Amino acid sequence: MAPAPSSFYKNIPDLPDKISYKKKKPKLIAVVDSDNCTGCQVCVPFCPVDCIEPAPKERFNVPIPPVQIRYNECIGCQICSRVCTKLTWDAIRMEPTEKVEKLAGIQITESFTPPARPA
Ligand code: SF4
Ligand code: SF4
């Protein structure tokens, strides 16, 4: 029997009250499967560090590009993955940080401080 709507939505995280920043290098990082992602952006407001954004249109020959993660800002909370799996297309995987560093050719830092905004 299909679950009642209340139980289905029970595991959906709340939207963050405020945006925070990485204080510790995570063990896992979110990676978007761009073949599965529709670019719906449902996951975007759930990210507690606001590090999910639409990918540049030039990289994809489609009207709505998928989203991408700014890897160095991700805290590995898995919220986007849970939201995408539960509400949309199951297009986000949590991958070991070391693997992402090797594949993307980047070095993930221990913490992240956002650049100061102009006054
Ligand atoms: S919720 Fe899933 S399908 Fe929608 S933009 Fe985010 S990753 Fe892509
Ligand atoms: S795992 Fe958490 S911090 Fe990383 S992109 Fe997803 S919601 Fe944002």
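Helices, of at least four residues, and strands, of at least two, are DSSP runs numbered from the N terminus. The exercises below use that numbering on a predicted model.

**Exercise 1. The order of elements**

Task: State how many helices and strands the protein chain has, and give the pattern they follow along the sequence.

Solution. Start with the totals: the protein chain has three helices and four strands. Next, read along the sequence, where the pattern is α-β-β-β-α-β-α. Finally, look at the extent of the chain: its C-alpha trace spans about 50 × 35 × 35 Å along the principal axes.

**Exercise 2. Strand β1 and its partner**

Task: Decide whether β1 is mostly covered or mostly open, and describe how β1 and β4 are joined.

Solution. First take burial: four of the five residues of β1 are buried, so the strand is mostly covered. Then take pairing: β1 and β4 run antiparallel and are joined by five bridges. One position shows the register, with Leu28 standing opposite Pro96 in β4.

**Exercise 3. Helix α2 and the core**

Task: List the buried residues of α2, find the elements they pack against, and name the residues with the most contacts inside the largest nonpolar core.

Solution. Helix α2 covers residues 79-87, and its buried residues are Ile79, Cys80, Ser81, Val83 and Cys84. These buried residues pack against β1, β2 and β4. Now turn to the largest nonpolar core, which has 21 residues; Cys43, Cys80 and Ile92 have the most contacts inside it. The elements that give two or more residues to this core are β1, β3 and α2. In soluble globular proteins, nonpolar side chains tend to be buried together.

To follow one core residue, take Ile92. Leaving out residues up to four places away in sequence, Ile92 touches Ala30, Val31, Val32, Cys43, Cys80, Ser81 and Cys84.

**Exercise 4. Classifying Met94**

Task: Is Met94 buried, exposed or partly exposed, and which residues does it contact?

Solution. Locate the residue: Met94 lies in strand β4, residues 92-96. Count its neighbours: there are 19 C-beta atoms inside 10 Å. A buried residue needs 20 or more and an exposed one has 12 or fewer, so Met94 is partly exposed. Beyond its neighbours within four places in sequence, Met94 is in contact with Leu28, Ala30, Gly76, Gln78 and Ser81.

**Exercise 5. Two residues with positive phi**

Task: Give the phi values of Asp50 and Asp90, and say where each residue lies.

Solution. Begin with the general expectation: most residues other than glycine have a negative phi. Asp50 has a phi near 55°, a positive value, and lies in the loop between β1 and β2. Asp50 is partly exposed because 16 other C-beta atoms lie within 10 Å. Asp90 also has a phi near 55°, and is found in the loop between α2 and β4. Asp90 counts as partly exposed because it has 13 C-beta neighbours inside 10 Å.

**Exercise 6. The surroundings of the ligands**

Task: For each ligand, name the nearest residues and describe the make-up of the shell.

Solution. Ligand 1 has 15 residues around it, and those that come nearest are Cys37, Cys40, Val42, Cys43 and Cys84. Its shell divides into 11 nonpolar, four polar and no charged residues. Ligand 2 has 13 residues around it, with Ala30, Cys47, Cys74, Cys77 and Cys80 nearest. The shell of ligand 2 holds 11 nonpolar, two polar and no charged residues.

Methods. Residues numbered from 1 in each chain as written. Chains lettered and ligands numbered in written order. Predicted model: local features only at pLDDT ≥ 70, side-chain atom pairs only at ≥ 80, totals over all residues. Near = placed C-beta within 6 Å. Nonpolar A, V, L, I, M, F, W, Y, C, P; charged D, E, K, R; others polar. Contact = placed C-beta atoms within 7 Å. Core = buried A, V, L, I, M, F, W, Y, C linked by C-beta atoms within 7 Å. Pairing = 2+ DSSP bridges.
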